[in-house]
Amino acid sequence: MHPGRRSEDSHPIRCPFPIGYFRKYYRMASSDSNTDDSLYPIAVLIDELRNEDVQLRLNSIKKLSTIALALGVERTRSELIPFLTDTIYDEDEVLLALAEQLGTFTPLVGGSEYVHCLLPPLESLATVEETVVRDKAVESLRNISQQHSSADLEQYFVPLVKRLASGDWFTSRTSACGLFGVCYARLSAALKAELRNHFRNLCQDDTPMVRRAAASKLGEFAYVVELDYVKSDLIPLWANLAQDEQDSVRLLAVEACVSISELLPQDDIEQYVMPILRQAAEDKSWRVRYMVADKFNEIQKLAAAAHKVKDFCQNLPQEIQEPVIMNNILPCIKELVADANQHVKSALASVIMGLSPILGKQNTIEHLLPLFLSQLKDECPDVRLNIISNLDCVNEVIGITQLSQSLLPAIVELAEDSKWRVRLAIIEYMPLLAGQLVSNFSFN
């Protein structure tokens with residue numbers, strides 16, 4: 001029998017209620033005349049968790065937080081969560097509500113230190129037959145993954161992902177596909193390699209539904225994987241998915257091409273992406289050709305998307321922001337700084353300074369300042385102009401002293417620039433520069 005289905009002759013949640021405390025609590029609330037009346041509704045909700053009426057069970061599931069608050073964090077962890085885990089077999093509507101509720105349970109089990117105790121029931125829910133229940137369970141797992149410490153992520157969450165990814169049922173493996181992107185960035189190199197191998201297996205799974213799920217999450221996974229592995233591991237997988245026998249897989253691979261292309265330098269887009277995209281444009285399936293047409297404008301904009309770099313980096317989740325920028329975005333930026341197209345370089349120069357507050361002082365000094373200096377000497381006047389116009393962003397991060405030592409000589413040279421707009425920008429920047437220099441000068 002499928003792990004998420006009960007047999008036809010068994011009643012959902014008819015097993016004996018295993019928590020003696022609950023029964024005692026219910027008897028006290030219902031028969032003791034001296035019992036506080038406020039306890040009675042809680043006892044009723046607890047009893048309804050095993051009621052034969054689906055609507056009553058659903059009502060109680062939707063009020064699980066109330067039950068958990070009444071029990072306290074210790075009994076919620078040791079009694080309520082195990083009970084829910086053991087009684088996963090129910091109507092889809094009830095399971096959907098349970099999957100949603102568990103995603104908000106972190107404070108009710110004692111905070112991030114104990115959040116891993118929510119994984120067993122959600123893992124079971126992620127294997128059921130009904131798609132909407134699985135999707136909601138995966139959504140809740142994604143939410144609580146961010147509340148795990150790095151150690152707990154490796155001890156509890158990653159083993160769950162690996163179990164789902166290697167499960168016997170395709171439902172388990174499809175759910176696993178949605179969990180790689182939320183945990184990869186905070187793992188050790190060895191575990192990262194394991195997850196990349198598991199994801200490779202899912203992309204090559206015998207079941208089309210699993211390959212579809214993998215193709216739909218390939219772009220998200222690419223955002224957190226190191227650029228070298230994007231090229232060596234993920235792009236070959238993507239190329240195979242783009243030629244899959246199922247058109248439903250191929251069209252999702254086309255959609256993933258936008259995400260992958262955003263991570264690649266222009267030369268790599270030409271080498272890796274465009275041949276597959278041209279092939280997809282002539283696909284025998286109209287749905288695949290439609291997807292190419294639908295995504296064409298986004299793909300076209302990639303060549304001129306440098307002005308979106310800052311916004312893209314700011315919108316990354318906080319916990320993966322720095323590693324994604326350093327491993328995936330910065331190598332692309334270095335390529336764009338030397339791009340042959342002056343419009344690309346100019347667009348990049350208008351926003352690259354905004355990365356300084358995101359990356360912090362040390363990364364700015366080590367990785368960004370050399371790029372700024374290169375752009376201040378660029379042959380294109382608009383590049384030089386855009387860098388000068390945004391220098392104040394860097395001042396706030398590294399300080400005027402460091403800025404002066406690194407970039408002031410190049411700034412002084414630009415005072416004699418052949419382009420009047422560059423000279424004007426220098427004039428407009430000088431009062432700000434002078435004021436900051438004076439404020440950092442100490443008089444004896």
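# Worked exercises on an all-helix prediction

The largest nonpolar core holds 131 residues, and Phe105, Trp238 and Ile352 have the most contacts inside it. Keep in mind that this is a predicted model. Grab the structure and work through the exercises below.

**Exercise 1. Find out how many helices and strands the protein chain has, and what share of its residues is buried.**

Solution. Start with the secondary structure: you should find 25 helices and 0 strands in the protein chain. Next, look at burial: of the 444 residues, 51% are buried. Finally, check how the contacts spread along the sequence. Taking contacts between residues at least 6 apart in sequence, 68% join residues at least 24 apart.

**Exercise 2. Work out which residues Trp238 touches, leaving out those up to four places away in sequence.**

Solution. Recall that Trp238 is among the residues with the most contacts inside the largest nonpolar core. Now list its partners: Leu218 comes up, then Ala253, Ala256, Cys257 and Ile260, and after those Tyr272, Val273 and Ile276.

**Exercise 3. Decide whether helix 3 and helix 6 are roughly parallel or roughly antiparallel, and name the residues that meet.**

Solution. Step one is the geometry. Helix 3 covers residues 54-61 and helix 6 covers residues 92-102; their axes come within 9 Å and cross at roughly 5°. Step two is the cut-off: angles under 35 degrees count as roughly parallel, so helix 3 and helix 6 are roughly parallel to each other. Step three is the contact itself. From helix 3 you get Val54, Leu58 and Ile61, which meet Glu93, Val94, Ala97, Leu98 and Gln101 of helix 6. Sort the residues of this contact by type and you have 6 nonpolar, 1 polar and 1 charged.

**Exercise 4. Count the aromatic pairs, then classify the pair formed by Phe199 and Phe221.**

Solution. The count comes to 4 aromatic pairs. For Phe199 and Phe221, the ring centres are 4.7 Å apart and the planes sit at 45°, so this pair is tilted. Now place the two rings: Phe199 is in helix 12 (residues 189-203) and Phe221 is in helix 13 (residues 208-224), so the pair ties together parts 22 residues apart in sequence. Both Phe199 and Phe221 are buried. Zoom out a bit and you'll see ring pairs linking Phe180, Tyr184, Phe199 and Phe221 into a cluster.

**Exercise 5. Leu237 and Leu241 each have a C-alpha distance to Cys203. Find both distances, and say whether each leucine is buried or exposed.**

Solution. Take Leu237, which lies in helix 14 (residues 227-241). Its relative accessibility is 5%, so Leu237 counts as buried. Leu237 is 34 residues from Cys203 in sequence, with 6.7 Å between their C-alpha atoms. Beyond the residues up to four places away, Leu237 touches Phe199, Arg200, Cys203 and Gln204.

On to Leu241, also placed in helix 14. At 1% relative accessibility, Leu241 counts as buried. Its C-alpha atom is 7.2 Å from that of Cys203, 38 residues away along the chain. Setting aside neighbours within four places in sequence, Leu241 contacts Cys203, Arg211, Ala215, Leu218, Val249, Arg250 and Ala253.

**Exercise 6. Locate Phe372 and work out why it counts as buried.**

Solution. Phe372 sits in helix 21 (residues 356-376). Buried means under 20% relative accessible area; Phe372 is at 0%, so it counts as buried. Last step: the C-alpha atoms of Phe372 and Arg384 are 9.2 Å apart, with their positions 12 residues apart along the chain.

Terms used:
Residues numbered from 1 in each chain as written. Predicted model: local features only at pLDDT ≥ 70, side-chain atom pairs only at ≥ 80, totals over all residues. Heavy atoms only, no water. Axes fitted to C-alpha atoms, helices over the stretch in contact; angles between N-to-C directions. Helix = DSSP H or I, 4+ residues; strand = E, 2+ residues; numbered from the N terminus. Parallel < 35°, antiparallel > 145°, perpendicular 65-115°, else oblique. Contact = heavy atoms within 4.5 Å. Nonpolar A, V, L, I, M, F, W, Y, C, P; charged D, E, K, R; others polar. Core = buried A, V, L, I, M, F, W, Y, C linked by side-chain atoms within 4.5 Å. Buried < 20%, exposed > 50% of the residue type's maximum accessible area, 1.4 Å probe, protein only. Phe/Tyr/Trp six-rings, centres within 6.5 Å; stacked < 30°, edge-to-face > 60°.
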